[in-house]
There are 2 protein chains.
Amino acid sequence: MSVQERKERERADRERLIVAAARELAEHQGWDAVTTRRLAERIEYSQPVLYSHFRGKREIIGAVALQGASELAAAVRAATAAADGSRARVHALAHAYLDFATRNPAVYDAIFQLDGGLPYAREDTPEPLKDAFAALLETLGEVAGDGIEPGLFTETVWASLHGLATLARSGRLPPEDAERRVELLVDRLARI
Amino acid sequence: MSVQERKERERADRERLIVAAARELAEHQGWDAVTTRRLAERIEYSQPVLYSHFRGKREIIGAVALQGASELAAAVRAATAAADGSRARVHALAHAYLDFATRNPAVYDAIFQLDGGLPYAREDTPEPLKDAFAALLETLGEVAGDGIEPGLFTETVWASLHGLATLARSGRLPPEDAERRVELLVDRLARI
DNA sequence: GACTGAATTCTAGCATCGCTAGACAAGCGA
DNA sequence: TCGCTTGTCTAGCGATGCTAGAATTCAGTC
């Protein structure tokens, strides 16, 4: 059994290598630069090897998305845990979210913009995605206000932050007032 | 001079034809299906003709975006003009915006998601884009609230709507509560 | 330690993409 | 009718994602 175990371990290692290479390439040169040929070259295997791990490029994007979602959840939790009071926590959440989007644009796109073939907002949604939403819910749920369902409130705040993140990054919002927009959004939406 | 005028008119007609073909193809089969070959076939000219009108596919997307932005501005103005009171106007604006995104997903993407090579949030931003923002500003400016710059407020509401529109359409938000999210957003953000 | 069969990996290639050089044809003014 | 500009087309380049089938590697057996 040792032989087979070793092979499985090596396969898992190689899969991680593929995902890491895709992520790094996407983050440095954009997703358009993530081609199967370049990816194959990076991992020092031929193209078809990629297809023994993933159904296609879409699934590789999905794998990066799942990895990123876990990190986003952790970043949000770390930021909110360090804040005192619900107002501070919501501000910390907003900034942590937007910071993540700014610092990991390609990963953010994989999670929230590109098609990685993942099911969202369903029962069979992968755990990392559910957990990222849960991380938002933990802090936002307590400031939803009377008569507002925490989940619904979280979705709405999340969508607003997503809008700010994507429009800002594509240059459709002027960069100078980014901070004031976040303040306005958080102050108005949250019931402290 | 009549000959030259006729030629220019024919060129302009053909350009409109290209944009219309791109838009229709994108709306029916997605932007990935909008290839230069298919486009050329639709307008019954060869591929290189496209490049005598546009620098490349990106510019064609940009042309669709400009056309769409004008329509979005008109749709928003029509909806708000028909509403009485600032609260009703803001609700009408939100619904008109989201309806536009739902009914013209490809065009919406051309304006707000894809790279059409257009400058945004700058002095040299094309008029249709400025006008679409102006249409939002006209209604939202009056409910920004004390001490909040109308432009900043408009940007923030716009971003929120954009987030709702894109996350909903990509299936990342559950469809059933779309209406309640809009209500929540508008009620909290606007100072009536 | 050589051999066989299965698992793995590679080479080569398909159809398609955006885009362009250079050949060709149309249609104008003289 | 002719010459020349202007416009259009054919053909092709270097990419893309993906795959069939050949070639190789390597584990288990004699």
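Visitor: Which residues come nearest to DNA strand D?

Guide: Of the 18 residues around DNA strand D, those that come nearest are A:Thr35, A:Gly56, A:Lys57, B:Ser46 and B:Pro48, where a residue is near a strand if its C-beta atom, placed from the backbone, lies within 6 Å of it. This is a predicted model, in which local features need pLDDT of at least 70 and side-chain atom pairs count only at pLDDT 80 or more, while totals for chains, interfaces and linings use all residues. Residues are numbered from 1 along each chain as its sequence is written, and chains are lettered from A and ligands numbered from 1 in the order in which they are written.

Visitor: Which elements give two or more residues to that surface near DNA strand D?

Guide: They are helix 2 (36-43), helix 3 (47-53) and helix 4 (57-81) of chain A, together with helix 3 (47-50) of chain B; helices here are DSSP runs (H or I, at least four residues), numbered from the N terminus.

Visitor: And which residues are the closest to DNA strand C?

Guide: DNA strand C is surrounded by 17 residues, with A:Ser46, A:Pro48, B:Thr35, B:Gly56 and B:Lys57 the closest, and helix 3 of chain A gives the most to this surface, four residues.

Visitor: How many degrees of rotation superpose chain A on chain B?

Guide: A rotation of 180 degrees, with 0.0 Å of shift along its axis, does so with an RMSD of 0.0 Å, the fit being by least squares on the C-alpha atoms of residues with pLDDT of at least 70 in both copies. That is the relation of a two-fold axis. The same surface serves both copies, since 100% of the contact residues of chain A recur in chain B, a contact being two residues whose C-beta atoms, placed from the backbone, lie within 7 Å.

Visitor: How many residues of each chain are in contact?

Guide: On chain A 25 residues are in contact with 25 residues of chain B, and helix 8 of chain A supplies the largest share of the chain A side, ten residues.

Visitor: What describes two packed helices?

Guide: The angle between their axes and the distance between the axes describe them. Here helix 5 (residues 86-103) and helix 7 (residues 127-140) of chain A pack at about 155 degrees with their axes 9 Å apart; axes are lines fitted to C-alpha atoms over the stretch in contact, and angles run from 0 to 180 degrees between N-to-C directions. Helix 5 and helix 7 of chain A are therefore roughly antiparallel, a term for angles over 145 degrees.

How values were computed
Angles under 35 degrees count as roughly parallel, over 145 as roughly antiparallel, 65 to 115 as roughly perpendicular and the rest as oblique.
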